[in-house]
Amino acid sequence: MAKYLVTGVAGFIGRSIAAELLRRGEAVRGIDNFLTGKRENLTGLEAMEFIEGNLADPAVCAAICDGVEIVFHEAALASVPRSVADPVATNLNCVDATLNLLVAARSAGARRVVYAGSSSVYGDSPTLPKREQMLPNPISPYAVAKLAGEQYLRSFSRVYGLETVTLRYFNVFGPFQDPTSQYSGVLAIFCRKMLAGEQPTIYGDGEQTRDFTYIDNVVSANLLAAGAPAGKVAGQAMNVATGSRITLNETFRILCELTGYRGEPVYAPPRNGDIRDSLADIGLAGELLGYKPHVDFREGLRRTVEWYQSCRDGGEKL
Ligand code: UD2
């Protein structure tokens, strides 16, 4: 019987958490509906029990929670512009799905739910770095949905005693991130395009900043969150990031070095719902989880480019 459940397991964060659990010899169940997750991402996870299904269906949630102790809830319709284009779909796949999962986890007697929160909940307030005690100020429907999920977790902790932990991820990137959608993360898109010799587009002046976080740091935060004492973490939300920021222009220049791309980016108008600057204070996750980012931005980007390059070398169409 699986002890761990990973939702969104065909997405790049879910698959990375599942891979680490399996590496540690744990019994894992995973679910995905392939709305944005990729079947190819399940390669290497054959030891996992996999269920194809949708968290919007309460019966599916009940089935997948049966017997599990810890849930890593990574499933979401991630993307600010996607939510601007279709806020109802974002709400269904982020808010309804999360509530159904929490109800099922509680009924099944699961002990803890660790949730993929988002830095977007801080919105565009000028104060940096972002600290957890700041008032959330979501701008995009995506940010609203992520915050609603977080609030449901807190409520389930307070009202029902389910141990819930929100990890507010800051712009996660790394191997297995889908680079092919218009809604993909910027680093995945840039890696794909620049390795193919195609010109990337920068929305705005490129001076916006992000606290880009390499996937291995996020996986380690999740495992720490699963094991931390309930007295410390239940009902809490904390930033998971590197605690440093970089502009998109500077990122483009580093990617030129790493990919050998010789061209210039094309500049386009800023995206609706976009945030200008993002930087985390990671002190709380350090204090509550013992979290430290082990892979810095440059090294993470180097590994990421290497991975996309190896996909190209292997003949994968990116
Ligand atoms: C938000 C969250 C992030 C995560 C993510 C999920 C913030 C600060 N971050 O990421 O934590 O939840 O949503 O999707 O809210 N861009 C380009 N060219 C491109 C693509 C993007 O210039 O081809 C720009 C984009 O306008 C933005 C930046 O790159 O300024 C990052 O965009 P993104 O979509 O990778 O992530 P973001 O910051 O919306």
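This passage describes the overall fold, the ligand shell and several individual residues of a predicted protein–ligand model. In this predicted model, local features need pLDDT of at least 70 and side-chain atom pairs count only at pLDDT 80 or more, while totals for chains, interfaces and linings use all residues. Residues are numbered from 1 along each chain as its sequence is written, and side-chain values use heavy atoms, with hydrogens and water left out.

The overall fold makes a handy starting point. The protein chain contains 11 helices and 13 strands, taken as DSSP runs numbered from the N terminus (helices are H or I with at least four residues, strands are E with at least two). Its radius of gyration is 19 Å, which agrees with the value near 20 Å for a compact globule of 318 residues; this radius is taken over C-alpha atoms, and the globule rule is 2.2 Å times the number of residues to the power 0.38. The C-alpha trace spans about 55 × 45 × 35 Å along its principal axes. Of the 318 residues, 55% count as buried (buried means under 20% relative accessible area, exposed over 50%, partly exposed in between, with a 1.4 Å probe and protein chains only). Among contacts with a separation of 6 or more, 79% link residues 24 or more positions apart, where contact means heavy atoms within 4.5 Å.

Turning to the ligand, 24 residues surround it, and the closest are Ser 118, Tyr 142, Thr 201, Arg 210 and Asp 274; a residue is near a molecule if one of its heavy atoms lies within 4 Å of it. The shell divides into 12 nonpolar, 9 polar and 3 charged residues (Ala, Val, Leu, Ile, Met, Phe, Trp, Tyr, Cys and Pro count as nonpolar, Asp, Glu, Lys and Arg as charged, and the others, Gly among them, as polar). Oxygen atoms of the ligand take part in several short approaches: one lies 2.7 Å from a polar side-chain atom of Ser 118, one lies 2.7 Å from a backbone N or O atom of Val 186, and one is 2.6 Å from a side-chain N or O atom of Asp 274. The protein covers 91% of the 750 Å² of accessible area that the ligand has on its own, with areas from the Shrake-Rupley method and a 1.4 Å probe; for residues, only the protein chains shown count as cover. Helix 6 (186-195) and strand 8 (201-203) are the elements that give two or more residues to this shell.

Away from the ligand description, His 73 sits in strand 4 (residues 70-73) and is buried, with a relative accessible area of 1%. Its side chain joins that of Thr 7 through a polar contact of 2.8 Å (a pair of N or O atoms within 3.5 Å; within protein, one must be able to donate a hydrogen and the other to accept it, and residues adjacent in sequence count only if both atoms are side-chain atoms).

Some backbone details also deserve a look. Most residues other than glycine have a negative phi, and most peptide bonds are trans. A cis peptide bond joins Leu 128 and Pro 129, with omega about -10 degrees. Phi is positive at Asn 171, near 35 degrees, and at Phe 176, about 80 degrees. Asn 171 is partly exposed at 27% relative accessible area, and Phe 176 is partly exposed at 23%.
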